[in-house]
Amino acid sequence: MSKQDRRIRGINPPVSRFRLEIRRSRIAGLGVFAAEAIPRRRLVIEFTGDRITRAEALRRWRMRGRPKRITYARLNRQWIIDPWNGNGSVYINHSCEPNLYQCKLPGHYLLFSLKRIRPGEELTFDYKLHPEKTAVPCRCGSPRCRGVMNRMPRRRKRLH
Ligand SMILES: [Zn+2]
């Protein structure tokens with residue numbers, strides 16, 4: 001376990017409206033799981049952390065040994081959220097068929113439930129990485145997996 005893994009033992013309760021837990025995931029490394037049923041269209045958790053610039057994000061990524069796991073969330077053109085000092089939402093994995101969706105409000109990156117989530121289900125959202133950025137392979141296991149965490153370019157038909 002890295003230093004960062006040890007820092008976060010669980011989801012900080014004040015930031016989540018539901019009971020969530022962090023444990024090993026079939027998708028990748030650790031994941032965040034619902035410990036109780038979550039109705040659809042509810043605020044589940046805010047994706048929190050340090051608000052940093054792109055230059056600082058690049059600096060930190062290099063400093064951490066250029067990890068493959070995507071952890072940053074893009075708040076807007078200027079700001080990126082680095083969730084390592086956040087509330088544990090750093091462990092929410094990507095899926096091409098997610099049960100959460102992101103909603104950006106000024107200064108906040110919120111995750112809402114897309115559908116009813118059963119207790120024990122892993123929470124996921126679609127990272128929607130930029131289509132022209134480096135393709136990041138996806139192993140979410142969903143039948144509709146795109147194969148990459150990048151979103152498809154707009155105005156173009158899907159290749160498969
Ligand atoms: Zn996938």
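This note goes through the confidence, the overall make-up and one sheet of a predicted model.

1. Residues are numbered from 1 along each chain as its sequence is written. Because the model is predicted, local features need pLDDT (the predictor's confidence in each residue, from 0 to 100) of at least 70 and side-chain atom pairs count only at pLDDT 80 or more, whereas totals for chains, interfaces and linings use all residues.

2. The protein chain has a mean pLDDT of 86, with 87% of its residues at 70 or more. Among its elements, helix α1 (residues 3-7) has the lowest mean pLDDT, 45, and strand β10 (residues 124-125) the highest, 96. Over residues 1-8 the pLDDT is below 50, and beyond near neighbours in sequence this stretch has three contacts in the model; two residues are in contact if their C-beta atoms, placed from the backbone, lie within 7 Å.

3. The chain holds two helices and 10 strands, which are DSSP runs numbered from the N terminus (helices H or I, at least four residues; strands E, at least two). Along the sequence they follow the pattern α-β-β-β-β-α-β-β-β-β-β-β.

4. Three strands form an open sheet in the order β4-β6-β5 with antiparallel pairing, where two strands pair if DSSP finds at least two bridges between them. β4 (50-52) and β5 (73-74) stand at the edges with a single partner strand each, so one side of each is left without a neighbour in the sheet. Two bridges join β5 to the antiparallel strand β6 (residues 80-82), and R74 stands opposite I80 in β6.
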